[in-house]
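Here are a few exercises to work through with the model open beside you. Try each task before you read its solution.

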Amino acid sequence: MTTDTVARIVSWHPAPSKPRYTPPPGAVDAHCHVFGPMADFPFSAKAKYLPGDAGPEMLFALRDHLGFSRNVIVQASCHGTDNAATLNAIAKSNGKARGVAVVDPAISDAELKALHDGGIRGVRFNFLKRLVDDAPKDRFLEVAHRIQALGWHVVIYFEADILEEMLPFLATIPTPIVIDHMGRPSMSQGPDGAEITAFKALMDSRDDIWTKVTCPDRLSAQGDPWDDFVEVVRPLVERYSDRVLWGTDWPHPNMQDNVPDDGHLVDVIPRIAVTPELQRKLLVDNPMRLYWAEQT
Ligand SMILES: O=C(O)/C=C(\CC(=O)C(=O)O)C(=O)O
């Protein structure tokens, strides 16, 4: 993408409301991104979207505004396999952020170790054709084997229409797996719909598959306050209470036509995790085990 000819996209709310819900102390926003700033951290030549700057200061201000304590910053596809913007944000967080990288499978062990020292605790494999040109399963599998020694996990992003073809690959991954946005099931099918049922079967197939109960704004057919999302996701949070994570998804890449209010996103939490214990697991205990294991 040539950065001088394309308008830069703003996909986040200019002034998110203050949520009514107060997260527990130590709550982690376990899925968010940073964009640039571009002058310091240029976007990938292969980026499929060219966002405005949404750097660490903005992310940390939002964290405080929403009542969260920590962030897990997931490398977004617009930065390709150069994790410098993510590492910069982690370095500026005073220990309050960790990250998930996207790597070239040819990465050396020394480079992986440097990512670990910079706060990375997982790698992301993205299978969305609108975001990445290719997703080589055989090479991803080699990476998954190599990160085992670091105690990392893999984060996988795919949509429900390819769940079935993903199953053999997922079964061979030797590390814990985190599935982004529940593999994007249809919410209009309801809590017993075919896509969420297939996803639960995947969750049942291994006890080290986790998922992010995120993105009502992307997945709901109804819009804010996302009642269809709540109806489908609440049973998932109850059934897999030790393997669910929550995140804002700020700055909401590609959501410029349907920008969510982050305060409203936080107010979904007590509707999908209906007891203080479920909320504490979702927001504190579970993400701490994956990202700050040495502190648990
Ligand atoms: O924030 C997300 O998880 C979703 C994204 C963007 C993304 O993943 C990326 O750019 O890497 C999307 O569906 O456009």
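## Exercise 1: The ligand and its space

The space that the ligand takes up is the largest cavity. A cavity, on a 1 Å grid over the protein atoms alone, is a set of points where a 1.4 Å probe fits but cannot get out; a molecule sits in it if more than half of its atoms lie within 2 Å of its grid points. Before going on, note that this is a predicted model, where local features need pLDDT of at least 70, side-chain atom pairs count only at pLDDT 80 or more, and totals for chains, interfaces and linings use all residues. Residues are numbered from 1 along each chain as its sequence is written, and side-chain values use heavy atoms, with hydrogens and water left out.

Task: find how many residues surround the ligand, and which are the closest.

Step 1. Count the residues with a heavy atom within 4 Å of the ligand: there are 16.

Step 2. Pick out the closest: His33, Tyr49, Ser77, Tyr157 and Asp249.

Step 3. Sort the shell by type, and you get 5 nonpolar, 6 polar and 5 charged residues. Here Ala, Val, Leu, Ile, Met, Phe, Trp, Tyr, Cys and Pro count as nonpolar, Asp, Glu, Lys and Arg as charged, and the others, Gly among them, as polar.

## Exercise 2: Polar contacts

Task: what is the distance from a polar side-chain atom of His31 to an oxygen atom of the ligand?

Step 1. For His31, it's 3.0 Å. That fits a polar contact, a pair of N or O atoms within 3.5 Å.

Step 2. Try Arg130 and His181 too: a polar side-chain atom of Arg130 lies 2.7 Å from a ligand oxygen, and a side-chain N or O atom of His181 is 2.7 Å from one.

Step 3. Now look at cover: alone, the ligand exposes 350 Å², and the protein buries 100% of that (Shrake-Rupley method, 1.4 Å probe).

## Exercise 3: The sheet

Task: which strands are at the edges of the sheet?

Step 1. Follow the open sheet of 8 strands in the order β1-β2-β3-β4-β5-β6-β7-β8, paired in parallel. Strands are DSSP runs of E, at least two residues, and two of them pair if DSSP finds at least two bridges.

Step 2. The edges are β1 (28-32) and β8 (244-245), each pairing on one side only.

Step 3. Zoom in on β2 (residues 70-74) and β3 (residues 97-101), which share 4 bridges; Ile73 has Gly99 in β3 as its bridge partner.

Technical notes: Polar contact = N/O pair within 3.5 Å; in protein donor to acceptor, adjacent residues only side chain to side chain. 1 Å grid on protein atoms, 1.4 Å probe; cavity = no way out; pocket = protein on both sides within 12 Å on 5 of 7 lines; lining within 4 Å.
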